[in-house]
Amino acid sequence: METPPPWRVLEFYSGIGGMRYSLTASGVQAEVVEAFDINDVANDVYEHNFGHRPCQGNIQTLTASDLDKYKAHAWLLSPPCQPYTRQGLQKHSADARAFSFIKILNLMSNMRFPPQVLFVENVVGFEVSDTHDQLLEVLSILNFNTQEFILSPLQFGVPYSRPRYFCLAKQESMCFQNASANKKLLWTPTCLKFNSTTQNSYDQNEDELEIACRSIKDFLETQSINIGDQDCSGTISACNLKEADGCTPSETVSQDYIVPLNLIERWGNAMDIVYPESKRCCCFTKSYYRYVKGTGSLLATSKNLKPIPKENLEISSLNELRLRFFTPREVANLHSFPSSFCFPDHISLRQQYAMLGNSLSVAVVAPLLHYLFSEK
Ligand SMILES: C[S@@+](CC[C@H](N)C(=O)[O-])C[C@H]1O[C@@H](n2cnc3c(N)ncnc32)[C@H](O)[C@@H]1O
């Protein structure tokens, strides 16, 4: 039997390529014919890992005929999420950062070869925005079926809370395997049925999900970067942290990642602290390492660890925990990126965290793509 030709895919807002890694992991026979991103640093990372430099520029300037040239079957899009985040101004489609997405959506009606399949990733909050309304309106006019999800890596056995919104859409002639989910927003991946070993965990509540997850320690770097028993009290200042920017981890491995005492004193109560045995950590945002509050978890590395209940945490006990930041490699592991992924040497530590924070969970997106591209 002849194998069908691969799907021709365009990857918009490609960043460091989380969508492309997910497509590969999904097992779908697909070829990314072009990627688009405005950020030259992200494009350096993408090129370093995939051997292809994305088309650099503002997606807003693309025309229908530019896109027709690719004769793509599918578009994968992870547009900027700032217009929809809870911390932001929530200006939705009136935010300039939403314009490019709305522009290319509207191009679809004027194309000779519009995509037949669409996948959109964004933050929770997108689903109540007017950009979302516009997305569904365009897809309805063009006769697409849609299924929407809000899912987190925790539901896939990864100890990482990063709930995200996903829209799966395909033209009516191509049915979803589970058509009863059409026009619905689902909070569990039950209908994906991609992997019987994790199937049982799908419908569990948050606490049960944590039990079903692997431990954080499975995602830590094998090389020892524990702070161990060295004295980090008082000697490491925020200044050191700044100077670490630009260093490669191997040069100053411990110091780069130690949480300075002055940050513990100032923000200790607001820190999310996890242990190697923990079954959950918080979402790493693009500001992780620049700020400690609400940007991602910190790891307690003391050898004589006994988890301290949050209400009993004092600055002295916090200091004993020997807190450190997760390394970029560990954040990539929690994003389920392949071990082959790496940053070129010139990318600073802060830039690495920023780009990882913008990226996505391959453990979540791969099965969604597998489901989207499967035909009934
Ligand atoms: C949410 S991130 C997507 C990250 C990507 N999925 C990944 O795995 O790294 C949004 C990306 O869109 C890019 N971007 C934002 N506005 C853009 C525009 N108008 N044109 C092209 N790229 C844009 C940013 O540089 C950023 O890399």
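These legends walk through several close-up views of a predicted model.

**View 1. The whole chain, for orientation.** Before zooming in, here's the overall layout: the chain carries 14 helices and 11 strands. Of its 376 residues, 43% are buried. Looking at contacts with a separation of 6 or more, 74% link residues 24 or more positions apart.

**View 2. Where the two domains touch.** The domain assignment splits the chain into domain 1, made of 7-210 + 361-373, and domain 2, covering 222-326. Each side chips in to the contact, with 6 residues from domain 1 and 6 residues from domain 2. On the domain 1 side, that breaks down into 3 nonpolar, 1 polar and 2 charged residues.

**View 3. The shell around the ligand.** There are 21 residues around the ligand, and the ones that come nearest are Tyr 13, Gly 15, Gly 18, Asn 39 and Ser 359. Two elements give two or more residues to this shell: helix 1 (18-26) and strand 2 (30-37). As for chemistry, you'll find 10 nonpolar residues, 10 polar ones and just 1 charged.

**View 4. Helix 1, up close.** This is the helix we just met beside the ligand, as one of the elements giving two or more residues to the shell. How many of the residues of helix 1 are buried? The count is 7 of 9, so to speak a mostly covered helix. The buried set is Gly 18, Met 19, Arg 20, Tyr 21, Ser 22, Leu 23 and Ser 26. Gly 18 pulls double duty here, since that residue is also among those that come nearest to the ligand. The buried residues pack against strand 1 (7-12), strand 2, helix 2 (40-50), strand 4 and helix 14 (362-373). Just after the helix ends, Gly 27 takes a positive phi of about 80 degrees.

**View 5. Cys 81 and its surroundings.** The UniProt annotation "active site", from an unreviewed entry, covers Cys 81. Where does Cys 81 lie? Look in the loop between strand 4 (74-77) and helix 4 (99-107). Strand 4 also turned up in the previous view, as one of the elements that the buried residues of helix 1 pack against. Is Cys 81 buried or exposed? Cys 81 counts as buried because 21 C-beta neighbours sit inside 10 Å, and the cut-off for buried is 20 or more. Leaving aside neighbours within four places in sequence, Cys 81 is in contact with Asn 122 and Val 123.

Methods
Residues numbered from 1 in each chain as written. Predicted model: local features only at pLDDT ≥ 70, side-chain atom pairs only at ≥ 80, totals over all residues. Near = placed C-beta within 6 Å. Helix = DSSP H or I, 4+ residues; strand = E, 2+ residues; numbered from the N terminus. Nonpolar A, V, L, I, M, F, W, Y, C, P; charged D, E, K, R; others polar. Domains from an automatic or database assignment. Contact = placed C-beta atoms within 7 Å. Buried ≥ 20, exposed ≤ 12 C-beta atoms within 10 Å, placed from the backbone. UniProt positions renumbered as here; feature names shortened; annotations may be inferred.
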